[in-house]
Amino acid sequence: MAVDRDRVAALVRDLLEAIGEDPDRPGLRATPHRVADAYAEFFSGVGEDAAAPLAHTISVTRGPAPDTLPSGAVMLRDIRFRSVCEHHLLPFAGHAHIAYLPGEQVVGLGALPRVVDVLAARPQVQERLGEQIADVIAGSLDTRGVLVVLDATHECVTMRGGRQPDASTVTVAARGELSEPAARAEIMLLLTGRAT
């Protein structure tokens, strides 16, 4: 579903008036449309299929490199993401670290950031975002386990309330074999440099 830019622009104009501003003054005249364009980008994942990037898989045993079967986890670290917290409609941004234990099928590494992008481009909370990423990977690929670690800074923490500019939030979502504490600890150390 596409964002209704005209409606968003009208609502932003109303919001500017509600906070006591003049939406017709030169500095704000184009703001409603700028916000509408930004929201169209921020929320482009609403209604999108997050599993679609994982549709093309590669056979491990019959693929292009059957002599290099993975014996451990496939990991992709430091995937930059940004989202909007559904509680205050303020941004949060950080890094996603993903690991999975492949079965017979693997996926091109570029597909994993696309899954993150689709799911992050919705009103979100970080905890749910990590769980959704793990569910999509576990449900779409032949995996023995999935681990998703998100480390993000939230503007609702840095700009308002306690105003803690250096605080970040870390969440962990695990599926399958990587739900076991010992297996998860080794992967966490490799993904983030910290055992958890």
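**Close-up views of a predicted model**

**View 1. Helices α1 and α2 pack at an angle of about 130°.** Helix α1 covers residues 5-18, and helix α2 covers residues 31-42. Their axes lie 8 Å apart. That angle makes α1 oblique to α2. The crossing of the pair is right-handed. From α1, the residues in contact are Arg5, Val8, Ala9, Val12, Arg13 and Leu16. From α2, they are Thr31, Pro32, His33, Val35, Ala36, Asp37, Tyr39 and Ala40. As in every view here, the coordinates come from a predicted model.

**View 2. The whole chain, for orientation, has six helices and seven strands.** Along the sequence the order is α-α-β-β-β-β-α-β-α-β-α-β-α. Helices α1 and α2 of View 1 therefore open the pattern, ahead of a run of strands. The C-alpha atoms fill a box of roughly 65 × 35 × 20 Å along the principal axes. The chain has 196 residues, and 39% of them count as buried. Take the contacts with a sequence separation of 6 or more: 67% of them join residues 24 or more positions apart.

**View 3. Helices α3 and α4 cross at roughly 135°.** Helix α3 spans residues 111-120, and helix α4 spans residues 126-140. Their axes come within 10 Å. At this angle α3 is oblique to α4. The crossing is right-handed. Leu112, Val115, Val116, Leu119 and Ala120 form the α3 side of the contact. Leu129, Gln132, Ile133, Val136 and Ile137 form the α4 side.

**View 4. Arg114 sits in helix α3.** Is Arg114 buried or exposed? Neither label fits: Arg114 is partly exposed, because its relative accessible area is 46%. Its side chain reaches the backbone oxygen of Gly110 at 3.1 Å. Val148 is included as a distance marker. Arg114 and Val148 are 34 residues apart in sequence. In space, their C-alpha atoms are 14 Å apart.

**View 5. Arg175 lies in strand β7.** The strand runs over residues 169-176. Arg175 counts as buried, because its relative accessibility is 18%. Which side chain makes a polar contact of 2.5 Å with that of Arg175? The partner is Glu131. Neighbours within four places in sequence are left aside in the contact list. Beyond them, Arg175 touches Glu131, Ala134, Asp135, Ala138, Gly145 and Val146.

**View 6. Cys85 and Cys156 do not form a disulfide.** Why is there no bond between these two? The sulfur of Cys85 is 4.6 Å from that of Cys156, its closest cysteine sulfur, and this is too far for a bond. A disulfide would need the sulfur atoms within 2.5 Å. Seen from Cys156, the closest cysteine sulfur is likewise the one in Cys85. The disulfide count comes to zero. Both residues are drawn with their accessibility. Cys85 is buried, with a relative accessible area of 6%. Cys156 also counts as buried, at 16% relative accessibility.

Technical notes:
Residues are numbered from 1 along each chain as its sequence is written. This is a predicted model: local features need pLDDT of at least 70, side-chain atom pairs count only at pLDDT 80 or more; totals for chains, interfaces and linings use all residues. Side-chain values use heavy atoms; hydrogens and water are left out. Helices (H or I, at least four residues) and strands (E, at least two) are DSSP runs, numbered from the N terminus. Buried means under 20% relative accessible area, exposed over 50%, partly exposed in between (1.4 Å probe, protein chains only). A polar contact is a pair of N or O atoms within 3.5 Å; within protein, one must be able to donate a hydrogen and the other to accept it, and residues adjacent in sequence count only if both atoms are side-chain atoms. Axes are lines fitted to C-alpha atoms, for helices over the stretch in contact, and angles run from 0 to 180 degrees between N-to-C directions. Angles under 35 degrees count as roughly parallel, over 145 as roughly antiparallel, 65 to 115 as roughly perpendicular and the rest as oblique. A crossing is left-handed if the near helix is turned anticlockwise from the far one by less than a right angle, and right-handed if clockwise. Contact means heavy atoms within 4.5 Å.
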